[in-house]
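Trainee: Please take me through a single part of this protein in detail. I should like to understand how that part is placed and what surrounds it.

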Amino acid sequence: MTDINHYRYIFAGVLTVVVFLLGVFMSGQLDDARVSALENSIEKNNVELQSTQMQLNYLRSENVQDCDVLETGLQDIVASYNKRLSSLQTYQEDSLLKGQEFETLKRSYILSGIRYWMFAEEINRKCGRTSDTVLYFTSRVGAAETCEACAEMGEHLSLAKKERGSDVLIFTVPANLDDGMVEMLKQQYNVTSIPTTVFNGNRSNRIEGVGSLDRIGSKLEG
């Protein structure tokens, strides 16, 4: 009986080791698959970013002078940009790997959004105001929102966008992003708290904190 118990203990020990090693192997395989999928996603987003930058550069060139073409082109770029940024953020939240690569790519997207906002303001100066621009300074982009006021204001802006459609272009800027351009915008528009929302590039046409849907509407019309 003692020998039988002895062998049972040995068998149990060997089985535990085998299960442990199998778990390590499967975990490694899963990590490799996620890394590969993540790298593909990063590459895809990089290509899309390059494409939208080329479109923007073309619209800025002397080849395009028609205001309708400029406005439609910008709206298409912004729609594509928002779709890709949303996809990127969702993938990042679901992934535990390659965090630094995502942060770098996300920063590129945020800065691209600022470029598109600048171009929208340029079109409005050239062609008369064809769309309303919203520069929304919030706490963070692409992660769980810890600023309740930011989350609430973001929902109100989304509803305003849904009501007004393509006539409203919203550009989100994480105020804590360590970047010179972001700091310059914060100084330009005197952003000292979050959320802060600036309408149509007008420093005095703004909302600090949470604004109701009616108040946002009045700012867009102001």
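Mentor: Let us begin with Asn190, which has a relative accessibility of 35% and therefore counts as partly exposed, because that class lies between the limits of 20% for buried and 50% for exposed. Asn190 is located in the loop between H5 and S3, and this loop is the part I propose to examine. Please keep in mind that the model is a predicted one. The backbone of Asn190 deserves attention: its phi is positive, about 50 degrees, although the residue is not a glycine.

Pro195 is found in the loop between H5 and S3 as well. The peptide bond that leads from Ile194 to Pro195 is cis, and its omega is near -5 degrees. The loop thus offers two backbone details to locate in the structure: the positive phi of Asn190 and the cis bond before Pro195.

A further residue of the loop, Tyr189, takes part in an aromatic pair. The count for the protein comes to one such pair. Trp117 and Tyr189 form it in an edge-to-face arrangement, with 6.2 Å from centre to centre and 75 degrees between the planes. The pair is called edge-to-face because its planes are over 60 degrees apart. It links distant parts of the chain, since Trp117 belongs to helix H3 whereas Tyr189 sits in the loop between H5 and S3, 72 residues apart. Both Trp117 and Tyr189 are buried.

Both partners of this pair are also touched by Leu135. Leaving aside residues up to four places away in sequence, Leu135 touches Trp117, Phe171, Val173, Leu185, Tyr189, Thr196, Thr197 and Val198. This brings us to the interior of the protein. The largest nonpolar core has 30 residues, and Leu74, Tyr116 and Leu135 are the ones that touch the most other members. Two or more residues come from each of helix H1 (2–60), H2, helix H3 (99–127), strand S1 (132–138), strand S2 (168–174) and helix H5 (180–188). H3 contributes the most, with ten residues. As a general background, nonpolar side chains in soluble globular proteins tend to be buried together.

A second, separate core has 13 residues, including Cys150, Met153, Ile170 and Phe199. Two of these names, Cys150 and Met153, lead to helix H4, whose buried residues are Cys150, Met153, His156, Leu157 and Ala160. They lie on the same side of H4, because they cover an arc of only 125 degrees around the axis. The face turned away from that side carries the exposed residues Glu148, Glu155 and Lys162. Among the elements that cover the buried residues of H4 are S1, S2, strand S3 (196–199), strand S4 (206–208) and helix H6 (213–221). Strand S3, at the end of our loop, is therefore part of this cover. H4 itself comprises residues 148–164, and its 17 residues reach 25 Å from the first C-alpha to the last, close to the 24 Å expected at 1.5 Å a residue. Just after H4, Gly165 takes a positive phi of about 65 degrees.

If we continue along the chain past S3, we meet Asn200 in the loop between S3 and S4. Its phi is near 55 degrees, a positive value in a residue other than glycine. Asn200 is buried, because its relative accessible area of 9% is under the limit of 20%, whereas Asn190 is partly exposed at 35%.

Finally, we may place the loop in the whole protein. There are six helices and four strands, and along the sequence they follow the pattern α-α-α-β-α-β-α-β-β-α. Of the 222 residues, 38% count as buried. Among contacts with a separation of 6 or more, 67% join residues 24 or more positions apart. As to confidence, the mean pLDDT is 76, and 68% of the residues reach 70 or more. S3 has the highest mean pLDDT among the elements, 96, and H1 the lowest, 59. Residues 27–31 call for caution in reading: pLDDT stays under 50 there, and the model has one contact beyond four places in sequence for them.

Notes: Residues are numbered from 1 along each chain as its sequence is written. This is a predicted model: local features need pLDDT of at least 70, side-chain atom pairs count only at pLDDT 80 or more; totals for chains, interfaces and linings use all residues. Side-chain values use heavy atoms; hydrogens and water are left out. A nonpolar core is a set of buried Ala, Val, Leu, Ile, Met, Phe, Trp, Tyr and Cys residues joined through side-chain atoms within 4.5 Å. Buried means under 20% relative accessible area, exposed over 50%, partly exposed in between (1.4 Å probe, protein chains only). Contact means heavy atoms within 4.5 Å. The expected span of a helix is 1.5 Å times one less than its number of residues. The arc is that of the directions from the helix axis to the C-beta atoms. pLDDT is the predictor's confidence in each residue, from 0 to 100. Rings of Phe, Tyr and Trp (its six-membered ring) pair if their centres lie within 6.5 Å; planes under 30 degrees apart count as stacked, over 60 as edge-to-face and the rest as tilted.
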